[in-house]
Amino acid sequence: MKETGRKVIAQNRRARHDYAVLDEYEAGVALLGTEVKSLRLGRASLVDAFATVDDGEIWLRGLHIPEYTQGSWTNHEPRRTRKLLLHRGEIDRLIGKIKEGGLSLVPLSLYFSDGKVKCELALARGKKSYDKRTDLAKRDAQREIQKAFGRAAKGRARELRR
């Protein structure tokens with residue numbers, strides 16, 4: 001049976017808080033068999049993960065995929081460096097933008113797309129602490145507005161019933 005759709009394995013929630021995302025890319029990940037089996041169990045952590053460019057290729061570092069419990073001596077190393085699979089044009093574009101300065105490659109999520117493991121990669125700029133505070137203030141203000149609308153809608157509903 002062929003898998004279809006998108007099943008999220010792990011997300012890097014901290015990334016959107018710490019970085020301003022400019023552009024997003026979908027990249028395949030070169031994995032070993034026991035890594036895929038461990039991911040199928042939903043076990044992975046993107047907490048310390050980041051991507052680097054070495055010799056014209058993009059590598060994912062710090063991604064933690066625990067060893068497969070039923071694996072034998074062929075088991076993988078949990079924090080090994082993994083190659084990201086992108087088209088040459090995308091890689092060249094990313095390298096050019098990173099060399100401009102101030103930009104990083106940050107993995108946002110890891111998921112299965114039609115049975116293949118994919119990594120959502122973001123070209124991002126680090127946020128300063130005051131940027132983070134303004135984002136939090138905007139989110140809180142938006143939440144208050146939604147609450148007010150909700151209260152107003154409930155009030156109107158009561159008036160219509162009378």
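In the predicted model, aspartate 140 has a relative accessibility of 42% and therefore counts as partly exposed. The side chain of aspartate 140 meets that of arginine 143 in a salt bridge, with an N to O distance of 3.3 Å, and arginine 143, at 44% relative accessibility, likewise counts as partly exposed. Both residues belong to helix H4, which spans residues 129-161, and they are three residues apart, about one turn of the helix. Elsewhere, salt bridges with shared partners join Glu35, Arg80 and Arg82 into one network.

A search of the whole structure finds nine salt bridges. Among them is a pair within helix H3, where the side chains of arginine 88 and aspartate 92 meet at 3.5 Å, N to O; these two residues are four apart in sequence, again about one turn of the helix. Arginine 88 is partly exposed, its relative accessibility being 47%, and aspartate 92 is also partly exposed, with a relative accessible area of 41%.

A further salt bridge, between the side chains of aspartate 23 and lysine 97, has an N to O distance of 3.9 Å, which falls inside the 4 Å limit applied to such pairs. Because aspartate 23 lies in strand S2 and lysine 97 in helix H3 (residues 88-100), this pair ties together parts that are 74 residues apart in sequence. With a relative accessibility of 30%, aspartate 23 counts as partly exposed, and lysine 97 is placed in that class by a relative accessible area of 26%. In general terms, side chains of opposite charge can pair when their charged atoms come close.

The domain assignment of the chain gives domain 1, covering residues 6-127, and domain 2, covering residues 128-161. The C-alpha centres of domain 1 and domain 2 are separated by 35 Å, and the contacts between them involve four residues of domain 1 and five residues of domain 2. The size of an interface is often given as the accessible area lost when the parts come together. For domain 1 and domain 2 the area buried between them is about 420 Å², of which 50% is on carbon and sulfur atoms. On the side of domain 1, His17, Asp18 and Lys127 supply 94% of the area that is buried against domain 2, more than any other three residues. The residues on the side of domain 1 that touches domain 2 comprise two polar and two charged residues, with no nonpolar ones. Nevertheless, the count of salt bridges between domain 1 and domain 2 is zero, and the rule likewise finds zero residue pairs in polar contact across their interface when both residues are required to have pLDDT 80 or more.

Within domain 1, which is assigned to residues 6-127, three individual positions were examined in terms of accessibility and contacts. Asparagine 12 lies in the loop that runs between strand S1 (6-11) and helix H1 (13-18), and its relative accessibility of 9% is under the 20% limit, so that asparagine 12 counts as buried. A polar atom of the side chain of asparagine 12 lies 3.1 Å from the backbone oxygen of proline 107, and the backbone oxygen of leucine 46 is found 3.4 Å from a polar atom of that side chain. When neighbours within four places in sequence are left aside, the residues in contact with asparagine 12 are Leu46, Val106, Pro107 and Leu108.

Serine 109 is placed in strand S6, which comprises residues 103-113, and is buried, with a relative accessible area of 2%. Apart from neighbours within four places in sequence, serine 109 is in contact with Arg6, Ala10, Gln11, Leu46, Lys118, Cys119 and Glu120. Leu46 thus appears among the contacts of serine 109 and also among those of asparagine 12.

Leucine 32, by contrast, counts as partly exposed at 41% relative accessibility, and its place is in the loop between strand S2 (19-29) and helix H2 (33-40). Not counting residues up to four places away in sequence, leucine 32 touches His76 and Arg80, the latter being one of the residues joined in the salt-bridge network with Glu35 and Arg82. Leucine 32 and arginine 79, which are 47 residues apart in sequence, have a C-alpha to C-alpha distance of 13 Å in space.

Note on methods. Residues numbered from 1 in each chain as written. Predicted model: local features only at pLDDT ≥ 70, side-chain atom pairs only at ≥ 80, totals over all residues. Heavy atoms only, no water. Buried < 20%, exposed > 50% of the residue type's maximum accessible area, 1.4 Å probe, protein only. Contact = heavy atoms within 4.5 Å. Domains from an automatic or database assignment. Buried area = accessible area lost by both parts, 1.4 Å probe. Polar contact = N/O pair within 3.5 Å; in protein donor to acceptor, adjacent residues only side chain to side chain. Nonpolar A, V, L, I, M, F, W, Y, C, P; charged D, E, K, R; others polar.
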